[in-house]
Amino acid sequence: MVNKTDFIASLGKGLAVIEAFRAESPRLAIADVAEATGLDRATARRCLLTLHSLGYADYDGKYFTLTPRVLRLGMGALAALPLAQMVQPWLDQLSERIGQSVSVSIRDETEIVYLARAAQRKVMSIGLLPGSRLPAHCSSMGRVLLAALPEPEARALVERSDLSPRTPFSLTMPEEIFARLRQIRHDGYAVIDQEIELGLCSLAVPLYDGHGRVVAALNTGVAKTADMPARLVVDYLPALLGVQDGLRRIIH
């Protein structure tokens, strides 16, 4: 626990304001930020105007939006993570070998955060870069990471998640998702069939450190065809498991 004398409250408030901006709420008024953060309107206003003054936010007189400058905060931190640097060469080689895009992500509460990626072709309508986020409960990497948790912890995270369907194939009942997590624990991999986006199937495996702890997830995503996702496991699982084994020996 940080000593109160070492805690900079204003920095904490500023970070909370930045986190209030989400994909579903990219434009926020002062009142919106105050409600999202629990700050009073005067404090929210000062934080927003400070971000605007420093170039981290645009302001049209009513609404604030974050600028690309904010990416410096996250991208620099992600790039500095040893794991991101460690996995990138493996992803590059794996992507070339199987002819598909591959990614590594970590979990942040109810979401996954893309840590590294090697792209062959675009199979999703949204662009995925390091720092991109997706819901954990309906993504292949997210389910692998949830399955690695003790069941009570995984259950609590799923129940806190927004289970609104992203496609007609999305699982929206917690018990259905828990059943999939139990299957993933048994199989050692997760397959998603158009739950995150129509036309997309994906396969993910956990990444372990040298002590056998799950530290991240690795996946590949392919376009939906008549014989997908049945072919995913046959065509791509051995290559993903090879990378899993190789990384296990160097991740500490």
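This briefing covers the sheet of a predicted model, the helix that packs on it and the surroundings of one glutamate. The sheet is open and consists of six strands, which follow one another in the order 5-4-3-8-7-6 with antiparallel pairing. Strand 5 (133-135) and strand 6 (190-193) stand at the edges, and because each has a single partner strand, one side of each is left without a neighbour in the sheet. On average, and with direction ignored, neighbouring strands of this sheet are turned by 30° against each other.

**Strand pairing and helix packing**

- Strand 3 (residues 101-108) and strand 8 (residues 214-223) run antiparallel and are joined by five bridges.
- Within this pairing of strand 3 with strand 8, S101 stands opposite G221 of strand 8.
- Helix 5 (residues 82-98) packs on the sheet, where it touches strand 3, strand 4 (111-118) and strand 8, and the direction of helix 5 makes about 65° with that of strand 4.

**Surroundings of E195**

- E195 is placed in the loop between strand 6 and strand 7 (200-208), and strand 6 is one of the strands at the edges of the sheet.
- With a relative accessible area of 3%, E195 counts as buried, because this value falls under the 20% cut-off.
- A polar atom of the E195 side chain lies 3.1 Å from the backbone nitrogen of L171.
- Leaving aside residues up to four places away in sequence, E195 touches C138, R143, R166, T167, F169, S170, L171 and R180, so that L171 appears both in this list of contacts and as the partner of the E195 side chain at 3.1 Å.

Methods. Residues are numbered from 1 along each chain as its sequence is written. This is a predicted model: local features need pLDDT of at least 70, side-chain atom pairs count only at pLDDT 80 or more; totals for chains, interfaces and linings use all residues. Side-chain values use heavy atoms; hydrogens and water are left out. Two strands pair if DSSP finds at least two bridges between them. Helices (H or I, at least four residues) and strands (E, at least two) are DSSP runs, numbered from the N terminus. Axes are lines fitted to C-alpha atoms, for helices over the stretch in contact, and angles run from 0 to 180 degrees between N-to-C directions. Contact means heavy atoms within 4.5 Å. Buried means under 20% relative accessible area, exposed over 50%, partly exposed in between (1.4 Å probe, protein chains only). A polar contact is a pair of N or O atoms within 3.5 Å; within protein, one must be able to donate a hydrogen and the other to accept it, and residues adjacent in sequence count only if both atoms are side-chain atoms.
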